[in-house]
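Q: Please take a close look at the charged side chains in this structure and at how they pair. After that, go on to the rings, the cysteines and the backbone.

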Amino acid sequence: GLTGTDGRKYLLDLYRMTPVDVEFLESECTGDKPYPHKLVLLRPELVDIFWENSVRKAVQEYAAEKVKKSDESKAEEPKSEEPKSEESKPEGPKSEKAPKDAMADFEFTLDFSPDAFVTTAESNEDPLAAAVRSASQFLKNISVPGLARDLASYTTSPLSGDALVTAMHQRGINMRYLGRIADLLPADVKSVTNVRRLVIFEMVARATKHIIRGLFRSVPTYLHAETFALVASALVGARYCATPAEHLSAAARAYPVLAELTVQSLSAEIQQQVAQRFRYDLDLDVLSELVRDNERILLREVCMKVGAQLALQQYHFVRPDERTVYAEASAALGVSGAKLTKPARRAVRERVDAEMARATTVTVSDVMNFVAVAKVSVQSASFADEAFEAGRMSLEQGQKELGLELLLESLALHEQTFGFLHPESARCYAV
């Protein structure tokens, strides 16, 4: 970090604000099949949760120790004492003693070192390194099994991949633990079948994302759309066309990574990526069974993770008959169920012919654009939020002047923290 000319302190390496996941680093980043990289860090949410849990445990131990000392002091007191005569009592006003704070002598410190276990092996006697290892063990032995239990009992019931990611991040669990969560969910219990399938779906979608990124680095930019169409057709359109690489353009066939890609090779690559990145053994039969009848969901998840925008239309994952395509084309043009005019019949026929002539599920013309997928972490400004809520409450109670003053103060704090053009700042205007 550094101090800027405006007097503020700036952090440059935000990625290294949290310590490493030393348990995962030592167990999975070495050996014959290591993890792809060693930048395995704990999430900030996990650090906060572990700190709160440590404080709670320290308070409980402190309270138990206080009770134990109190019981011992009472046991050491003499059972009978001679009452003092009233003459010996001093006359005067009684002084009331101030109540003693029960937590006055309570001390708790918990610090983490982001540099622990990074370059050399740290000693567990170092308190900073011991705290990092304890946090890593807390993630592995408590947070991950706890989420698996909540998923199995439907205490937490995500309905999509994004909801699952949000639930994991709120508990401070990284995506590399998806495989461990899938292992903790029993495969032979029907009540957890949907949740377990969602976890495996997320692993498959993320593995496909990494495969597509690798292909993008191997081919020029003008072939990215054709590359994505090829991978998408091989992933979800195997029943439509078993050999999508045969329909590549001459420019794409010049690259062996595209010309040699088949449905079987893509499935094997997904299996390898899932095993490498999530430490989960995915059976190819399970993969094909999982994709069948869920192609549209998987295609959407892959598009969102890669940032691909497809044309808004009906995609077929098996060869449709002409009657079905005719009905879909008529509905898309808004002429279904009515007597068609000659121009309408011509337009429907053109759509039907184009759809029946489609070689694969996703073609190059279907890929409209690629957008950047940005990962942002929206930080909250506590003082600004408190002023905003206080202003709203004042307005509801009829105190207009006080409410407007608090809202203007909240707006100024939001603009100073987030900037003028930010959703959090705009929220101040929507009272």
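**Charged pairs and their surroundings**

A: In this predicted model, the side chains of Lys 305 and Glu 301 meet in a salt bridge, with 3.2 Å from N to O. Both residues belong to helix 12, and because they are four residues apart there, about one helical turn separates them. Lys 305 is buried, with a relative accessible area of 11%, and Glu 301 also counts as buried, at 8% relative accessibility. The pair is part of a wider arrangement: salt bridges that share partners join Glu 202, Arg 206, Arg 300, Glu 301 and Lys 305 into one network.

Two members of that network lie in helix 6. The side chains of Glu 202 and Arg 206 meet in a salt bridge of 2.8 Å, N to O. Here too the spacing is four residues within the helix, so about one helical turn lies between Glu 202 and Arg 206. Glu 202 is buried, with a relative accessible area of 2%. Arg 206, at 15% relative accessibility, counts as buried.

A search of the whole structure finds 15 salt bridges. One of them is formed by Arg 171 with Asp 150, whose closest N and O atoms are 2.3 Å apart. Arg 171 lies in the loop between helix 4 (161–170) and helix 5, while Asp 150 lies in helix 3 (residues 127–152), so this pair ties together parts that are 21 residues apart in sequence. Arg 171 is partly exposed, with a relative accessible area of 25%; Asp 150 is buried, with 18%.

Glu 226, in helix 7 (residues 224–236), is a charged residue without such a partner. Glu 226 is buried yet has no salt bridge, and the nearest side chain of opposite charge, that of Arg 253, is 7.0 Å away. The cut-off for a salt bridge is 4 Å between a side-chain nitrogen and a carboxyl oxygen. Apart from neighbours within four places in sequence, the contacts of Glu 226 are Leu 248, Ser 249, Ala 252 and Val 364.

Charged ends also sit over rings. That of Arg 176 sits over the ring of Phe 24, 5.1 Å from the ring centre. Phe 24 in turn forms one aromatic cluster with Tyr 35 and Tyr 177. In another such arrangement, the charged end of Arg 427 sits over the ring of Phe 388, at 4.7 Å from its centre.

The structure holds six aromatic pairs. One of these is formed by Phe 216 and Phe 370, which are edge-to-face, with 5.5 Å from centre to centre and 85° between the planes. This pair links distant parts of the chain: Phe 216 is in helix 6 (residues 193–218) and Phe 370 in strand 4 (residues 367–370), 154 residues apart. Phe 216 is buried, with a relative accessible area of 16%, whereas Phe 370 counts as partly exposed at 28% relative accessibility. Helix 6 thus appears in two settings, as it holds Phe 216 of the aromatic pair and also Glu 202 and Arg 206 of the salt bridge.

The cysteines can be dealt with briefly. The count of disulfides comes to zero. Cys 29 is buried, with a relative accessible area of 5%, and Cys 428 is buried as well, with 8%.

On the backbone, most residues other than glycine have a negative phi. Arg 279 has a positive phi, near 55°. Arg 279 lies in the loop between helix 10 (263–278) and helix 11 (284–291), and is partly exposed, with a relative accessible area of 22%. Asp 293 also has a positive phi, near 70°. Asp 293 lies in the loop between helix 11 and helix 12 (295–306) and is exposed, with a relative accessible area of 62%.

A last loop residue is Val 189, between helix 5 (178–184) and helix 6. Val 189 is partly exposed, with a relative accessible area of 33%. Val 189 and Ala 152 are 37 residues apart in sequence, and their C-alpha atoms are 9.3 Å apart in space.

Definitions and conventions
Residues are numbered from 1 along each chain as its sequence is written. This is a predicted model: local features need pLDDT of at least 70, side-chain atom pairs count only at pLDDT 80 or more; totals for chains, interfaces and linings use all residues. Side-chain values use heavy atoms; hydrogens and water are left out. Rings of Phe, Tyr and Trp (its six-membered ring) pair if their centres lie within 6.5 Å; planes under 30 degrees apart count as stacked, over 60 as edge-to-face and the rest as tilted. Buried means under 20% relative accessible area, exposed over 50%, partly exposed in between (1.4 Å probe, protein chains only). A charge sits over a ring if NZ of Lys or CZ of Arg is within 6 Å of the ring centre and within 35 degrees of the ring normal. A disulfide is a pair of cysteine sulfur atoms within 2.5 Å. Lys and Arg count as positive and Asp and Glu as negative; His and the chain ends are not counted. Contact means heavy atoms within 4.5 Å.
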